[in-house]
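Subject: Structure handover

Hello,

Here is the structure I promised to pass on. Please open it first, then read my notes below.

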Amino acid sequence: TASFENKELEAGLRAFLRPLNHVFIWKPAHAFVVGTVGGSGPYRLSEIQVFRPGQPGRMIFLDERPDPAARQVPAETGFETQDRETKIIIKGNRVYVPVVIAYNRQQVATTLIFDTGAGDIVLHHDLADRLGINDGKRAKGHGVGGIEIDALVTRLSSVKVGPYEKQNLRAAVVQYQGPEDTHYNGLLGMNFLRGMNYKIDFERSVIRWGAADQSPEP
């Protein structure tokens, strides 16, 4: 057991959870009761997700009203689904999606940010190293504010999200620049999302998938 006082709620809880990866999901207080939490503004802590480092897909999600129809696919896929639903993590304006990426004979379960503003999938160097990506074409990309970024453009064997999998998708490997963020390893871009029928349920933190069209991907 442990206790704390005179400390921001999130800072205090992080002290308990330090050995594990964790994500705090805050929602506007008006969705609950008007007020503030820990002096941080009109938000209330809605959910805490706790998992062993690198294993967000193995979390067990608790619900006060469990659905007897809910089912879990094998843990090694890194996904928890209910029919055509994929459990996601929402933090601020970011949506974190569990993804399984294959390159040649390597396969890695990871987390990417759902980004309809990215034309292609973007992977950070650390993830590319785990996949053994060592070939491709050198290119220049542009980040927020027009910043020029060195990239290695390659092709992935497959990308799987929820019930859907696409092969031979282009991906740009970049060196991550910005504040430390251990919750994701790149961007899930439009070359995977194009043709997909989906809806993000922010209240339940899931993506609901519909039937996808069969148009070819670039």
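**Hairpins and a salt-bridge network**

Strand 4 and strand 5 make a hairpin, with 2 residues between them. Gly 92 sits in that turn and has a positive phi of about 65°. Bear in mind that this is a predicted model.

Stay with this hairpin for a moment. Strand 4 covers residues 89-91, and 3 bridges join it to strand 5. The two strands run antiparallel. To find the pairing by eye, look at Ile 89: it stands opposite Tyr 96 in strand 5.

Now follow strand 5 onward. It also pairs with strand 6 (residues 106-114), again in the antiparallel sense, over 8 bridges. Ala 102 has Gln 107 in strand 6 as its bridge partner. Strand 5 and strand 6 form a hairpin too, with 2 residues between the strands. Here Asn 104 takes a positive phi, near 50°.

How many residues of strand 5 are buried? The count is 9 of the 10 in residues 94-103, so strand 5 is largely enclosed by the rest of the structure.

Next, the charged side chains. Side chains of opposite charge can pair when their charged atoms come close. The structure holds 4 salt bridges. I will go through three that connect to one another.

- Arg 204 and Glu 85 meet through their side chains, at 3.0 Å from N to O. This pair links distant parts of the chain, 119 residues apart. Arg 204 lies in the loop between strand 12 (198-201) and strand 13 (206-209), while Glu 85 belongs to strand 3 (residues 85-87).
- Arg 204 also forms a salt bridge with Asp 201, where the closest N and O atoms are 3.8 Å apart.
- Asp 201 in turn forms a salt bridge with Arg 208, with the closest N and O atoms 2.8 Å apart.

Shared partners thus join Glu 85, Asp 201, Arg 204 and Arg 208 into one network.

Which members of the network are buried, and which are partly exposed? Take the acids, then the arginines. Glu 85 has a relative accessible area of 11%, so it counts as buried, the limit being under 20%. Asp 201 is buried as well, at 14% relative accessibility. Arg 204 is partly exposed, with a relative accessible area of 36%. Arg 208 is partly exposed too, and its relative accessible area is 30%.

Best wishes

Key:
Residues are numbered from 1 along each chain as its sequence is written. This is a predicted model: local features need pLDDT of at least 70, side-chain atom pairs count only at pLDDT 80 or more; totals for chains, interfaces and linings use all residues. Side-chain values use heavy atoms; hydrogens and water are left out. Helices (H or I, at least four residues) and strands (E, at least two) are DSSP runs, numbered from the N terminus. Buried means under 20% relative accessible area, exposed over 50%, partly exposed in between (1.4 Å probe, protein chains only). Two strands pair if DSSP finds at least two bridges between them.
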